[in-house]
Every structure is written in C-alpha cells, then in structure tokens.
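Trainee: Please pick one part of this model and go through it closely. I would like each term explained with its cut-offs as it comes up.

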Amino acid sequence: MAKVKGAIVVNTERCKGCNLCVVACPAKVLSLSPDSNLKGYNFSYMSNADSCVGCAACAYVCPDACITVYKVKNKTE
Amino acid sequence: MTLNDIIDPKNLVYAKTKVMNDTPMHYCPGCSHSVVHKLIAEVIEELDIQDKTIGIAPVGCAVFGYKYIDIDWQQAAHGRAPSLATAVKRLLPDRYVFTYQGDGDLAAIGTAETIHTCNRGENIAIFFINNGIYGMTGGQMAPTTLNGMKSTTSPSGRTVPLSGHPLDMTKLLAQLDGTCYVTRQSVHNIANIRKTKKAIKKALENSMLDKGTSVVEIVSTCSAGWNMTPADSNNWMEQNMIPAYPLGDMKDI
Ligand code: SF4
Ligand code: SF4
C-alpha cells in the first residue's frame, strides 16, 4: 500500500464534465461517469480510487471548484 | 484504510474557497474565466480582504462575474470598467479595486478607457482575459484574433490586409509611465495556474502601494467559440496563442 493515500469528493451537481481533471490527474484516478447530473453533464468520479495520492492536481485545474481533496500519510506501512 | 477514513476534515488539503459562493457559474465547461474567478477568490481569501475589495464587472462573458465572488461589485457599461474603477478607487482609496475584462471589452470598445486609466496610473488592478474572440456574442473576430485564426466573421481565417494585425494591448500598456506591473499569464496547466495566482496577488497588493496601475493579462481558451473540447483548447492555445502572446512579466517596478 502506498505511503500517501488520497481521496477526492466531487460536487457532482456543480461539475460540468469538462474532463480537465481527468486529463490532469497524474495517477489516472478519474473518469467521467456514464450517469449525468441534473444539468445533463457526465460528472467526474474516482474510477480508480486506490491510486489517488491526494496531490490536488485535479482540484487546481477544475474551473468550477468542484473538487475537495483529502490526504493521509500512512505511518504504519 | 477505507475512503471514509481518508475523507475526514482533518485530512483536508484543498476545498473551494468560501469567497466563491455556491451559485453555479454560467461559463461553458472548462472555460478559463472560471479558473480565473476561482483564483481571484482564493487570493482575496488569502489576503483576508473580502470586505475591502470592490470588483468592476465588464460586458461580455464575464458580465455576471458579480454573482460568484462574494465581495462588493459594480457593473460597468461596455468597455468603461477602468473609468468606473478610477472613480471607486478615488472615492474609497482604502479599498482594493480591480476590473475584470475580456478582450472585446478592454481591447476593442474600451481601448480609450484602458489606455487613459493606465496612463494616469490609477491605483487599481486590471485582470484581462484574452481568448482572441468575442465569446459571448457568438465567436466573432476580435482585435486580438490571431492572424489566420478562424472566427464566425473570419471563416477562412483573419488576414492582415483586410483586418489589420492582432492588437497586443498588454505590450502597449507596459510602455505607459502609469503602469507599475504588467504581466501575461495563462491557466492551462498547474504550473501556469500557480503563476497566475501569484500575479493576481501582486496586482491586488500593488493597488495599495500608490505605485500605479497593474495589468494581468491571462491568455485564455474559449472552447465553445473555438469549437474544441476544453483539453484540446488548452493544447491549441499553447501551440498557437502563446507564441503570439508570449507569457511573462513585461514590467515590474
Ligand atoms: S488528488 Fe491527485 S491523484 Fe487524486 S484524483 Fe486528484 S489529481 Fe488524481
Ligand atoms: S474539472 Fe471540475 S468541472 Fe471539469 S470534469 Fe473535473 S470536476 Fe467536473
């Protein structure tokens, strides 16, 4: 298990499915969901959550400030 | 460790700034305007100046800018934001005053106001979004449209004999004695987003130092107007816009 673990929460109703976070994530964590939000956008979600390192690249590039990022240092391993 | 263990307030590293409210922004998916709004709101939070900042909204795509950043705002007539900012700053010199303008507003109808405000050295910050097109009205050619660039009014590409040269307003403003800080940035990747944020911060800080006008141009995308995906727009901008509008500080005194 990686030393640093991250996770993100997408505000799915605010998301416009622009895909910029998907492209920016260095760990290929994100994809656009086949489901859409009330506005009809295919929102971003963690399709590969295990790989997230909490770098916040996705959140920095998100134009609409939809992403909240969390990170923990795993001291036991 | 489960996701629920990680998603805990004590592990928070990034969240939307509270200076940006929850109203969904009207901009198209992936628009540079949204990125710049977010950065301005983050800087206002970091400087702790939410109750001391007054923004001047333009006409153009950013006409509703006042709906999203939770500060005081005024809405200017088309191109007149720098004049309104002049009045606000002279009446309330203890406020941080900035204009937020696109290229149609700042470099076309508002050319005179922009130049004279900068020449007078008003103590304001000007944030200038240059996407080389009139986004709001349907992607028409702007003074900033690149040579050869297609728009709805130059469907085969802009040509110099017909439409003249692209106007580099920022370079022009750097020549004026009234400006103290003139820089060109972009928000198409993380490194440039960070640099733009620093530039926004410096411009707002300068507005309190009686040094003159600060201008931050942000070379931007308009994926709807350019008819590309947001990621392709960022790549196109990097390959085509930035060579014509090179990034970096032009003046910093
Ligand atoms: S925090 Fe980093 S690793 Fe995690 S989803 Fe965002 S960009 Fe990918
Ligand atoms: S960058 Fe933001 S708006 Fe775009 S898909 Fe990702 S979360 Fe949604």
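Mentor: Start with burial: a residue is buried if its relative accessible area is under 20%, exposed if it is over 50%, and partly exposed in between, with a 1.4 Å probe and the protein chains only. This is a predicted model, in which local features need pLDDT of at least 70 and side-chain atom pairs count only at pLDDT 80 or more, while totals for chains, interfaces and linings use all residues. Residues are numbered from 1 along each chain as its sequence is written, chains are lettered from A and ligands numbered from 1 in the order in which they are written, and side-chain values use heavy atoms, with hydrogens and water left out.

The part to look at is the surroundings of the two ligands. A residue is near a molecule if one of its heavy atoms lies within 4 Å of it. Around ligand 1 there are 14 such residues, and the nearest are A:Cys25, A:Cys52, A:Cys55, A:Ala56 and A:Cys58. By class, 13 of the shell residues are nonpolar, one is polar and none is charged. Here Ala, Val, Leu, Ile, Met, Phe, Trp, Tyr, Cys and Pro count as nonpolar, Asp, Glu, Lys and Arg as charged, and the others, Gly among them, as polar.

Two of the nearest residues can be followed further. A:Cys52 counts as buried because its relative accessible area is 8%. A:Ala56 is buried too, because its relative accessibility is 5%. The backbone of A:Ala56 has a phi near 70°, which is a positive value in a residue other than glycine. A:Ala56 belongs to the loop between strand S3 (42-46) and helix H2 (57-61) of chain A. Helices (H or I, at least four residues) and strands (E, at least two) are DSSP runs, numbered from the N terminus.

Now take ligand 2. Its surroundings include A:Cys15, A:Lys16, A:Asn19, A:Cys21, A:Cys62, A:Pro63 and A:Ile67. This shell divides into seven nonpolar residues, three polar and one charged.

Several members of the shell can be described one by one. A:Cys15 is buried because its relative accessible area is 7%. A:Asn19 is partly exposed, because the value there is 27%. A:Asn19 sits in the loop between strand S1 (4-10) and helix H1 (20-24) of chain A. Phi of A:Asn19 is near 80°, again positive in a residue other than glycine. A:Cys21 is found in helix H1 of chain A, and it is buried because its relative accessible area is 7%. A:Cys21 and A:Ile67 both belong to the shell of ligand 2. In sequence A:Cys21 and A:Ile67 are 46 residues apart, while their C-alpha atoms are 9.1 Å apart in space.

Where do the ligands sit? Ligand 2 sits in the largest cavity, and ligand 1 in the second largest. A cavity is a set of points, on a 1 Å grid over the protein atoms alone, where a 1.4 Å probe fits but cannot get out. A molecule sits in one if more than half of its atoms lie within 2 Å of its grid points.

With so many cysteines named, how many disulfides are there over all chains? The count is zero, where a disulfide is a pair of cysteine sulfur atoms within 2.5 Å.

For a second view, turn to chain B. The largest nonpolar core has 40 residues, and those with the most contacts inside it are B:Ile40, B:Ile44, B:Phe98, B:Phe127 and B:Leu204. Helix H2 (32-47), strand S5 (125-130) and strand S7 (213-219) of chain B are among the elements that give two or more residues to this core. H2(B) gives the most, with seven residues. Such a core is a set of buried Ala, Val, Leu, Ile, Met, Phe, Trp, Tyr and Cys residues joined through side-chain atoms within 4.5 Å.

Two residues of these strands give a closer picture. B:Ile129 lies in strand S5 of chain B and is buried, because its relative accessible area is 1%. The C-alpha atoms of B:Ile129 and B:Ser220 are separated by 6.2 Å, although their positions lie 91 residues apart along the chain. B:Val219 is placed in strand S7 of chain B and counts as buried because its relative accessibility is 0%. B:Val219 and B:Phe128 are 8.4 Å apart, C-alpha to C-alpha, and 91 residues apart in sequence.

Notes: On a 1 Å grid over the protein atoms alone, a cavity is a set of points where a 1.4 Å probe fits but cannot get out, and a pocket is an open set with protein on both sides within 12 Å along at least five of seven lines; lining residues have an atom within 4 Å of a point.
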